[in-house]
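I opened this structure to check a few loops, the strand order and the surroundings of the ligand. The entries below follow the order in which I looked things up.

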Amino acid sequence: MAATRKTVVFGAGNADADLMFVGEAPGASEDEQGIPFVGRAGKLLEKLLEEIGLARSEVFICNVLKCRPPGNRDPLPAEIDNCQDYLHRQVELIEPTVICTLGNFSTKLLRGEQTGITRLHGQPEVLTLGRRAVRLYPIYHPAAALYTPRMLETLREDFTRLPELLALGAPEQPQLEVPAIEIEEMEEMPEIEPAEVEGQTSGGQTSEIDQLGLF
Ligand code: URA
């Protein structure tokens, strides 16, 4: 993809956000501007956010893939694999309490399982990603809702549950295992031979340095 993309679309928004959205991959407009969700799907996402009293600047938005797949085709398994460490690191750094996965690709990747968005949308679950537990909230991808009014209705309904989910705060965090530190027995200090003491020569004679009165 590096050969066909124009920009790397890493992610944008509040790096300290409680709410993070994960889409699929940049499209043409995103590739042009280097910012995720700036095309038609992005405008819808912004509108839905506004309707629940949130500004785009308050959340963090990124994608599974950081580069536009040629011709907007679906991401390939190898591409998802190559990009997934970036997403996991973004989650680790931003520490969101709620991650809203938009559509199938991000939902399947973060859940590590193949159940589709039609079955999962609107159902929050607590998921441990790396060392942190987050509330995962899968919803339809806004691009899909652009063309299907019923889907838009469902997406809007699912969006209205976001404020109450955010109000719950972070889920209980997993207990970090503190590695037991083994205190090794200190090695016995080696005996210092009188000859090794600075400024002294063997036989208890005073060295030249000492005779100069410098020490
Ligand atoms: N669709 C996505 O999944 N991501 C974008 O950034 C734009 C459209």
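Entry 1, Asn72. I asked whether Asn72 is buried or partly exposed. I found 13 other C-beta atoms within 10 Å of Asn72, so this residue is partly exposed; the buried class would need 20 or more. The model is a predicted one, and I read every value below with that in mind. Asn72 sits in the loop between β3 and α3. Its phi is positive, about 60°, although Asn72 is not a glycine. I noted this because most residues other than glycine have a negative phi.

Entry 2, Phe37. I then looked at another residue with a positive phi that is not a glycine: Phe37, with phi near 50°. Phe37 is in the loop between α1 (28–33) and α2 (40–51). With 27 other C-beta atoms within 10 Å, Phe37 is buried. Phe37 also turned up in my look at the ligand, being listed with Gly23, Glu24, Glu30 and Pro36 as the closest residues.

Entry 3, ligand shell. How many residues surround the ligand? I counted 13. By class, the shell has six nonpolar, five polar and two charged residues.

Entry 4, overall make-up. The protein has nine helices and six strands. Of its 215 residues, 32% are buried. I also looked up how far apart in sequence the contacting residues are. Among contacts between residues at least 6 apart in sequence, 68% join residues at least 24 apart.

Entry 5, strand order. I traced an open sheet of six strands, in the order β1-β3-β2-β4-β6-β5, with mixed pairing. β1 (12–13) and β5 are its edge strands, each pairing on one side only. Strand β2 (residues 19–23) and strand β3 (residues 60–63) run parallel and are joined by four bridges. In that pair, Val22 stands opposite Cys62 of β3. Helix α3 packs on the sheet and touches β2, β3, β4 and β5, with its direction at about 165° to that of β3. Helix α4 (residues 104–111) also packs on the sheet, where it touches β2, β4, β5 and β6; its direction makes about 130° with that of β4.

Entry 6, β6 and its partners. Strand β4 (residues 98–102) runs parallel to β6, and five bridges join them. Thr101 has Pro138 of β6 as its bridge partner. β5 pairs with strand β6 (residues 132–139) in the antiparallel sense, over five bridges. Two of the facing positions I wrote down are Glu125 opposite Leu136 and Leu129 with Arg132. β5 and β6 make a hairpin with two residues between them, and Gly130 in the turn has a positive phi of about 65°.

Entry 7, β5 against β6. Which of the two is enclosed, and which lies in the open? Six of the eight residues of β6 are buried, so β6 is largely enclosed by the rest of the structure. In strand β5 (residues 125–129), zero of the five residues are buried, so β5 lies largely in the open.

Entry 8, Leu127. I picked Leu127 in strand β5 for a closer look. Leu127 has 15 other C-beta atoms within 10 Å and is therefore partly exposed. Beyond its neighbours within four places in sequence, Leu127 is in contact with Leu110, Arg111, Ala133, Val134 and Leu136. The C-alpha atoms of Leu127 and Arg111 are 7.7 Å apart, while the two residues are 16 apart along the chain.

Entry 9, Asn82. Asn82 lies in helix α3 (residues 77–94). Its 15 C-beta neighbours inside 10 Å make Asn82 partly exposed. I took the C-alpha to C-alpha distance from Asn82 to Lys66 as 9.9 Å, for a separation of 16 residues in sequence.

Entry 10, nonpolar core. In soluble globular proteins, nonpolar side chains tend to be buried together. The largest nonpolar core here has 40 residues, and Met20, Phe21, Val22, Val59, Val64, Ile99 and Cys100 touch the most other members. I followed up Cys100: not counting residues up to four places away in sequence, Cys100 touches Leu19, Phe21, Tyr137 and Ile139.

Terms used: Residues numbered from 1 in each chain as written. Predicted model: local features only at pLDDT ≥ 70, side-chain atom pairs only at ≥ 80, totals over all residues. Buried ≥ 20, exposed ≤ 12 C-beta atoms within 10 Å, placed from the backbone. Near = placed C-beta within 6 Å. Nonpolar A, V, L, I, M, F, W, Y, C, P; charged D, E, K, R; others polar. Contact = placed C-beta atoms within 7 Å. Pairing = 2+ DSSP bridges. Axes fitted to C-alpha atoms, helices over the stretch in contact; angles between N-to-C directions. Core = buried A, V, L, I, M, F, W, Y, C linked by C-beta atoms within 7 Å.
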